[in-house]
Amino acid sequence: MSLIESWPGSAQRWERAKGSLGGGVSTGMRAQMKPHPLYFESGQGAELRDVDGNTYTDYVLGWGPVIIGHAHPHLVETVTRQLPLGQTFGASHDLEYEIAERVLAAIPGMDRVLWSNTGTEADQTALRLARAATGRRRFVKFEGHYHGWSDAMLLGYRPDANGALDRPASRGQNPSALTDVTILPWNDAAAVRAVLTDPDQDIAAVFTEPVLCNSGVLEPAPGFLAELRAICDETGTLLVFDEVITGFRIAHGGGTERYGVTPDLVVLAKAIAGGFPLAALAGRGDLIDEVTRGVVHAGTYNGNPVVLAAAGATLDVLAEPGTYERFEDLGGALATGLASAFSDAGRPAVVRNVGPVVQVIPGTDAAETFTDFTTADWDFYDRLTVELLRRGVFSLPGGRWYLSTAHTAADVERTVAAARDALAAL
Ligand code: PMP
């Protein structure tokens, strides 16, 4: 196996970019990539090519959205047909409701859609609607769940240097945001019940990722989501599924379909437009219709026709027969292969998948809690991602791997062989 020794073209660009871009990158998390951010020229299917001419099998997939692979011919053709018709109208057009109808057909129990550009915006809209509909102010979120980077929601995601979770996550964040949230351990229905049955807590909504993708790809405990639904019903609290990662990925209808529990609002982004900036808030008609009763939902770029054309093409590909069965097979094969690579190398790790989302948690034999996840051996894992990169595998820090419809069983086999080699080198 020939190894990449260094990335001179990327290293040079990284030094240059630090002079003109805040933090050298377009979004802070990308600066965490080891050994330094790489610069890419193109992507095709499951493969990326960097500026030094190296190619990689891509498990980053744009941090999740590129679910039908890079430059899928149907997506390219659809967007290319739309582009000459104009880039935005700031007015109504057919794709807005046509794609909304397709989203509603996919997700059980939803009546209407609001388009936005990012998951962060759609999460904020969900909170605003929930406050308006219930007349209550506060909300519940769970440890390690991520609902975007707004002042209101960027809380309880990662412990600070002292292990505390009940702190603003960012300098400059409005500290009073903390007074509006109660952060609870996940999969603990009794804790939720205690808070929701206390009227002084004034809880408008419970936000949850249906699978805790952002902190270890942990599945809900059997019955937990159904119990959330029941407690919310009993207390007049709204249930919001943040399906930014899980939507159109762990089933066509996301976690809502996979676990058979219908929330009041569903937040979608990432996979829905195959890599174009699109998010959606889907929900019950009476809730979403609050926008006709004084709840403000705005955005110059909302419902952009090029982006919605991309969404249509992405949904076409995802709707092909066998997509989600293949995701289960490939996700299972990657998880099993990586698990055996770790175990044969004598390195403890938990490896699991939910459909095409795979998670490696290094340096431990059990990872059922948020603390198990945050205290795993991430320094070791950072070194592993560099060794994988040297062997043509591009993967995320933090242990999550994404598969697309473009990945094949042969890609997975080659990747597992590269992981064996990389682990042996460490
Ligand atoms: N919710 C979840 C579950 C997410 O994973 C993310 C992004 N990783 C967001 C919300 C925020 O989405 P965006 O980055 O599009 O603002």
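The following exchange concerns helix packing, strand pairing and the ligand shell in a predicted model.

User: How are residues numbered, and which pLDDT values apply to this predicted model?
Analyst: Residues are numbered from 1 along each chain as its sequence is written. In this predicted model, totals for chains, interfaces and linings use all residues, whereas side-chain atom pairs count only at pLDDT 80 or more and local features need pLDDT of at least 70.

User: Are helices H10 and H13 roughly parallel or roughly antiparallel to each other?
Analyst: Helices (H or I, at least four residues) and strands (E, at least two) are DSSP runs, numbered from the N terminus. Axes are lines fitted to C-alpha atoms, for helices over the stretch in contact, and angles run from 0 to 180 degrees between N-to-C directions. The axes of H10 (residues 323-344) and H13 (residues 409-425) come within 9 Å and cross at roughly 20°. Angles under 35 degrees count as roughly parallel, and H10 and H13 are therefore roughly parallel.

User: How many nonpolar residues does the contact of H10 with H13 have?
Analyst: The contact (C-beta atoms, placed from the backbone, within 7 Å) involves residues including Leu330 and Leu334 of H10 and Val412 and Val416 of H13. Ala, Val, Leu, Ile, Met, Phe, Trp, Tyr, Cys and Pro count as nonpolar, Asp, Glu, Lys and Arg as charged, and the others, Gly among them, as polar. Beside 2 polar and 2 charged residues, the nonpolar residues number 11.

User: Which strands are the edge strands of the sheet S11-S12-S14?
Analyst: Two strands pair if DSSP finds at least two bridges between them. The 3 strands form an open sheet with antiparallel pairing, and S11 and S12 (residues 357-362) are joined over 6 bridges. Pairing on one side only marks the edge strands, S11 (349-354) and S14 (400-402).

User: Which residue in the turn of the S1 and S2 hairpin has a positive phi?
Analyst: S1 (residues 40-44) and S2 (residues 47-50) pair in the antiparallel sense over 4 bridges, with Gly43 opposite Leu48. Their hairpin has 2 residues between the strands, and the positive phi, about 60°, belongs to Gly45.

User: Which helix gives the most to the shell around the ligand?
Analyst: A residue is near the ligand if its C-beta atom, placed from the backbone, lies within 6 Å of it. Of the 14 residues around the ligand, those that come nearest include Thr118, Gly119 and Thr120; by class, the shell has 5 nonpolar, 6 polar and 3 charged residues. With 3 residues, the helix that gives the most is H4 (residues 119-134).

How values were computed. Angles under 35 degrees count as roughly parallel, over 145 as roughly antiparallel, 65 to 115 as roughly perpendicular and the rest as oblique. Two residues are in contact if their C-beta atoms, placed from the backbone, lie within 7 Å.
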